[in-house]
Number of protein chains: 2
Amino acid sequence: MGTASKALTLLNYFSRAHSQIGLSDLARLSGMNKATVYRLMGELADHGFVEQIGAGREYRLGPAFLRLAALREKAVPMRELALAELTKLSELTGETSHMSLLNGEVLSNLTYSYAHKHGTMVMMEDAEVLELHSTGSGLAVLAFSPAPFVDAILSKPLIARTPETVTDPAAIQALLPKIRQRGMAWSIGGYERDVYSHAVPIFDAGSHCIGAMAVAAPVSRMTDELRATIQTELALAARRTTRVLGGFPPDSFPKFKPTDSPVESELT
Amino acid sequence: MGTASKALTLLNYFSRAHSQIGLSDLARLSGMNKATVYRLMGELADHGFVEQIGAGREYRLGPAFLRLAALREKAVPMRELALAELTKLSELTGETSHMSLLNGEVLSNLTYSYAHKHGTMVMMEDAEVLELHSTGSGLAVLAFSPAPFVDAILSKPLIARTPETVTDPAAIQALLPKIRQRGMAWSIGGYERDVYSHAVPIFDAGSHCIGAMAVAAPVSRMTDELRATIQTELALAARRTTRVLGGFPPDSFPKFKPTDSPVESELT
DNA sequence: GTCGCCGGTTCATTATTTGAACCATCGGTT
DNA sequence: AACCGATGGTTCAAATAATGAACCGGCGAC
């Protein structure tokens with residue numbers, strides 16, 4: 001691993017829950033030598049990627065990201081384009097919709113839209129992280145990712161977020177062909193209890209899966225009718241999104257036909 | 001310069017005007033060897049900091065910044081806090097207000113707020129770059145920055161954005177003591193013709209100047225009364241912003257008294 | 001007082017970065 | 001069609017930068 005990669009890797013230890021980290025902690029987390037971490041963090045700090053605060057001299061993410069994110073969004077208005085589709089999707093379905101991007105071995109939320117039709121709805125957060133094995137979006141991505149990548153993900157310990165989470169690698173592998181065949185994944189209570197989620201992969205210009213678009217509804221509100229609406233509209237919205245982002249579904253990607261999916265009680 | 005710094009430096013060549021750059025161009029711009037740039041960009045791409053597109057294999061900023069910016073804003077809601085102050089400020093003054101952060105040798109826009117009171121207003125853009133020598137915000141920052149930094153900035157060629165831009169280093173140096181004394185800078189048509197801008201520096205926890213808050217109005221609309229309103233409200237808003245961001249003005253920083261500043265035709 | 005941990009620093013050893021030269025490929029020009 | 005001058009990408013010996021064990025001084029808990 002190159003030196004630059006090591007520096008960038010350090011940034012991955014910052015999360016919503018862990019927003020500031022001391023030098024020694026960072027060295028432990030990364031397994032690097034303390035002196036190495038010190039020097040790398042110094043370089044990151046010089047460029048505004050991290051900053052040191054207060055008495056403990058802990059590090060946190062720096063202001064440079066705001067500028068670079070604004071430039072990225074100006075050059076490639078992914079968030080803006082996705083949000084336009086999500087807004088329509090939430091209106092049509094009356095439920096929360098969101099889009100997330102593959103980032104290493106997890107999905108991170110790009111943006112989301114609420115429908116204000118019901119008193120309850122599934123809540124989302126910016127930069128929220130979704131696991132690949134326990135969420136509808138994750139399964140959609142796995143189904144359209146290279147086999148070695150899938151194997152790597154599923155060979156690590158799979159955390160059971162709820163009693164309904166499928167944590168058996170073989171069972172998850174078994175789900176993927178069906179997801180590939182219909183171009184859509186679903187997950188019932190796999191990540192959070194009471195959340196029924198449908199997800200469709202999004203592709204880039206090289207037909208690589210880069211993330212997923214999803215609709216999440218409370219389990220208690222799901223009916224055959226709502227399911228049909230979600231599946232139809234989500235498939236359309238996701239296809240438009242892939243295209244508007246300049247991407248192409250792979251040739252094997254199915255045209256979703258709502259009649260194909262009675263869905264019944266097929267878990268996950 | 002460490003290897004990590006070199007990689008991070010490469011990111012600085014991307015701007016609104018120059019949003020995608022080829023390998024050879026990047027090597028020329030940075031003065032680094034093509035092979036070096038190739039390897040560094042490869043590492044940046046592995047982490048989603050840049051991505052390569054299309055036939056020309058050009059690079060552009062990657063999606064990782066969206067996630068990291070969201071995390072940064074979650075941990076340190078600078079933009080949110082600044083925007084709250086700017087919104088009030090624009091309402092009180094009836095003019096466009098904005099805040100920008102020092103980033104290397106330039107200021108980059110953090111956020112801004114429009115007043116919808118008049119048919120015309122000064123327009124801003126996300127991630128817009130402001131020069132230190134030709135803008136009110138830049139002068140405010142220079143006045144409260146270490147002398148070596150100021151000298152370094154003023155010893156480079158100073159671009160005349162308009163016929164009114166002051167480009168003589170000595171003349172700019174001469175302005176700084178007065179700005180320090182009153183805690184506020186102004187610029188009339190120095191960056192864009194017809195823009196009359198007032199600016200106050202913002203400080204961090206170590207009393208270092210990290211940026212500026214400003215109000216920009218069309219020259220044609222400026223009256224003694226508007227000037228007095230802007231100066232009073234801007235000084236208050238900037239002080240609140242420094243505090244709410246966890247910072248402190250240096251001990252030498254003056255309490256702004258509107259009566260101190262008849263201002264008349266004192267250029268810049 | 002003292003123990004343990006913190007951020008920060010040092011310097012000889014070591015492994016990584018570096019860059020000139022090289023390829024294959026593409027478009028435009030002669 | 002042959003050529004030219006670009007491009008992105010690759011190689012490998014030489015040079016340089018990264019590394020990490022050990023070491024500080026300081027702080028807080030016991």
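Around DNA strand D of this predicted model there are 19 residues, and A:K6, A:N33, B:S24, B:K34 and B:Y38 come nearest; a residue counts as near the strand if one of its heavy atoms lies within 4 Å of it. Residues are numbered from 1 along each chain as its sequence is written, and chains are lettered from A in the order in which they are written. Local features need pLDDT of at least 70, side-chain atom pairs count only at pLDDT 80 or more, totals for chains, interfaces and linings use all residues, and side-chain values use heavy atoms, with hydrogens and water left out.

Which part of the strand does the protein meet? Of the atoms of DNA strand D within 4 Å of the protein, 70% belong to sugar or phosphate, and the rest belong to bases. Chain B offers some helpful examples. A polar backbone atom of B:T3 is 2.8 Å from a phosphate oxygen of DNA strand D. For B:Q52, a side-chain N or O atom is 3.2 Å from a phosphate oxygen of this strand, and for B:R57 a polar side-chain atom lies 3.3 Å from one. Two or more residues each are given to the surface near DNA strand D by α1 (3-11) and α3 (34-46) of chain A, and by α2 (23-30) and α3 (34-46) of chain B; these helices are DSSP runs (H or I, at least four residues), numbered from the N terminus.

The two chains can also be compared with each other. A rotation of 180 degrees, with 0.0 Å of shift along its axis, superposes chain B on chain A with an RMSD of 0.1 Å (least squares on the C-alpha atoms of residues with pLDDT of at least 70 in both). The two copies are thus related as by a two-fold rotation axis.

Notes:
Polar contact = N/O pair within 3.5 Å; in protein donor to acceptor, adjacent residues only side chain to side chain.
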